[in-house]
Amino acid sequence: MALQYCFTSSTFKSLKLTALPSLSLFRPIPRTAPLRLIPHHSSPSFPLPHLLRALSVSAVQSTVADAPTTTEDSKAAKPPQWKAAIDFKWIRENKEAVAVNIKNRNSNANLELVLELYERLLNVQKEVERLRAERNAVANKMKGKLEPTERQKLIDEGKNLKDALVSLEEELLKLTDELQQEAQSIPNMTHPDVPLGGEDCSTLRKMVGKPREFSFPIKDHVQLGKDLDLLDFDAAAEVSGSKFYYLKNEAVMLEMALVNWSLTEVMKRGFTPLTTPEIVRSSLVEKCGFQPRGTTTQVYSIENTDQCLIGTAEIPVGGIHMDSMLPESSLPLKYAAFSHCFRTEAGAAGTATRGLYRVHQFSKVEMFILCRPEESNAYHEELIQIEEDLFTSLGFHFRTMDMASEDLGAPAYRKFDVEAWMPGLGRYGEISSASNCTDYQSRRLGIRYRPESSSANSKKGKNLPPPQFVHTLNATACAVPRMIVCLLENYQQEDGSVIIPEPLCPFMGGLQIIKPRLK
């Protein structure tokens with residue numbers, strides 16, 4: 001179940017959590033701090049090699065890296081918390097391709113403004129460099145023996161150059177910040193096989209199984225949960241509001257079983273299990289390609305802090321190796337992270353999202369891979385195969401979709417969704433997704449590796465190969481609420497009971513069936 005990234009056509013209402021006014025920026029939240037919810041108001045395809053580099057970002061590389069952030073004699077504005085290492089020259093040289101990609105993805109990125117700001121920045125940068133050279137020349141002249149009048153003339157000239165530099169450097173910083181703000185909205189390039197258009201243009205990749213035929217009137221998971229005393233939406237609505245729920249009785253065991261079963265299965269495939277922080281810095285959310293604030297966010301942010309609640313474990317897992325140089329021998333790194341996830345889900349209503357299908361808080365197991373660039377396509381295939389194996393073993397009827405360009409989040413080069421048949425809802429519903437983000441996130445996060453070399457000079461520390469950014473991929477192993485929807489609706493029996501699929505029984509203490517309560 002993918003969290004929509006920023007810069008897509010999806011729109012969500014932003015909410016934020018308000019903590020005590022005295023809350024320090026980096027201090028842990030006091031246990032007694034009251035939290036309240038308040039409204040908060042504050043987007044042609046090309047192959048993978050080399051075309052992606054211009055649209056990826058990091059704090060460790062920049063075409064305009066020599067633009068000053070501060071000088072001893074400047075009154076510089078405060079720079080942003082992190083900067084994008086975007087290859088603006090490449091974007092300018094390939095503006096037609098970038099423009100087509102922005103249009104195909106229905107992104108709101110303003111390419112013309114980016115190019116305009118870049119040209120202005122280059123002009124100011126050239127003038128800054130010219131004045132610096134003149135100032136250095138004046139300083140060198142003053143080292144020699146001079147007449148008092150000549151020395152005073154140079155002093156005045158140096159002062160004028162200094163004042164001019166202060167003004168231009170302030171303008172350069174302002175332009176750099178504006179350029180960063182605009183350019184970071186440009187999405188990743190797109191796999192050439194991705195279908196163009198909206199979600200309806202997504203293409204079928206694979207169909208597994210057939211819908212179960214029932215000989216009795218079926219119920220949806222909401223009615224089954226009520227009849228079997230497994231779910232309580234009414235009490236949760238009184239306690240927390242709409243789109244919250246209580247799990248009860250066997251449903252609690254079912255959540256634990258799903259988490260433990262999915263973790264066990266992916267660990268067999270070489271994934272390291274993790275639990276993660278569920279509150280992270282806003283800057284990390286941004287670096288992963290999400291928008292933590294504004295009118296189009298799904299993210300809950302904590303007021304008066306730089307922190308947010310996570311919408312997916314992809315975010316804290318992506319931050320584990322932030323600003324790191326990884327040994328090539330350590331790749332690939334495979335993680336399976338369990339966390340609770342929090343999403344505003346504003347604007348979602350109706351029978352298609354009732355019950356557990358779309359909620360504000362849920363448990364999830366997320367797979368995350370960091371690998372060499374040339375291996376990311378293969379690992380994308382591995383991730384979707386793992387998902388298909390998991391859902392096949394549970395007996396689900398599902399289809400795998402190659403998602404269309406407008407449905408891709410900003411970091412995704414390509415995304416596959418798994419949609420399972422939900423008979424009570426009478427439709428397919430997304431239960432999982434797998435995305436290849438290439439180096440879009442790793443360049444923002446600063447996660448690199450240095451290719452190993454067998455040459456003698458390299459072993460002595462000379463002529464080392466240049467560092468490269470890893471590729472990142474993410475996929476859902478188990479989004480608990482929607483898995484429960486599928487299990488209840490597909491395995492319901494005429495007498496109102498629900499059979500537990502065989503793979504989950506050992507994780508349910510041997511329980512094989514959920515029976516109606518005796519009245």
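This is a short talk through the fold, the cores and a few local details of one structure.

Okay, quick reminder before we start: what you have in front of you is a predicted model.

Let's begin with the sheet. There are 8 strands in it, it's open, and the order reads β3-β13-β14-β15-β18-β12-β11-β6, with mixed pairing. The two edges are β3, residues 203-208, and β6, residues 272-275, and each of those pairs on one side only. If you ignore direction, neighbouring strands are turned by 25° against each other on average. For anyone who wants the reminder, strands of a sheet pair through backbone hydrogen bonds, either parallel or antiparallel.

Let me walk in from the β3 edge. β3 and β13 run antiparallel and are joined by 5 bridges, and if you want a place to look, T203 stands opposite D402 in β13. Moving on, β13 and β14 are antiparallel as well, over 5 bridges, and there M401 stands opposite D417 of β14. How enclosed is β13 by the rest of the structure? Largely, because 4 of its 5 residues are buried.

Further along the sheet, β12, residues 361-371, pairs with β18, residues 471-479, in the antiparallel sense over 8 bridges. V365 is the one to click on here, since you'll find C478 of β18 opposite V365.

Now the helices on this sheet. α7, residues 250-267, lies across β6, β11, β12 and β18, and runs at about 10° to β12. Then there's α10, residues 376-393, which packs on the sheet and touches several strands, including β3, β13, β14 and β15. The direction of α10 makes about 150° with that of β15.

So what's inside? The largest nonpolar core has 60 residues, and L258 and F396 touch the most other members. Which elements give two or more residues to it? Those are α7, β11, β12, α10, β14, β15, β18 and α13. The largest share comes from α7, with 8 residues.

Stay on F396 for a second. Skipping its neighbours within four places in sequence, F396 is in contact with V208, F391, I431, M483, C486, L487 and Y491. There's also a second, separate core of 27 residues, and among its members are I86, F88, V128 and L172.

Back to α13, residues 480-490. 11 of its 11 residues are buried, so α13 is largely enclosed by the rest of the structure. And that list isn't just greasy side chains: R482, E489 and N490 are among the buried ones, along with residues such as M483, C486 and L487.

Next, aromatics. A search of the whole structure turns up 5 aromatic pairs. Take F214 and F216: the ring centres are 5.5 Å apart and the planes sit at 85°, so that pair is edge-to-face. Are those two buried or partly exposed? F214 is partly exposed, at 21% relative accessible area, while F216 comes in at 12% and counts as buried. The cut-off for buried is under 20%.

F391 and F398 also make an edge-to-face pair, 6.1 Å centre to centre with 80° between the planes. Both F391 and F398 are buried, and ring pairs link F391, F396 and F398 into a cluster.

Two arginines are worth a look too. R205 lies over the face of F416, 4.3 Å from the ring centre. And R427 has its charged end over the ring of Y357, 4.4 Å from the centre of that ring.

Last bit: backbone oddities. The peptide bond from L331 to P332 is cis, with omega near 0°, and P332 is in the loop between β10 and β11.

Then we have two residues with positive phi that aren't glycines. D229 has a phi of about 60° and is in the loop between α5 and β4. K243 has phi near 65°, and its place is the loop between α6 and β5. As for exposure, D229 is partly exposed at 26% relative accessible area, and K243 is partly exposed at 22%.

That's my tour, thanks.

How values were computed
Residues numbered from 1 in each chain as written. Predicted model: local features only at pLDDT ≥ 70, side-chain atom pairs only at ≥ 80, totals over all residues. Heavy atoms only, no water. Pairing = 2+ DSSP bridges. Axes fitted to C-alpha atoms, helices over the stretch in contact; angles between N-to-C directions. Contact = heavy atoms within 4.5 Å. Core = buried A, V, L, I, M, F, W, Y, C linked by side-chain atoms within 4.5 Å. Buried < 20%, exposed > 50% of the residue type's maximum accessible area, 1.4 Å probe, protein only. Phe/Tyr/Trp six-rings, centres within 6.5 Å; stacked < 30°, edge-to-face > 60°. Lys NZ or Arg CZ within 6 Å of the ring centre and 35° of its normal.
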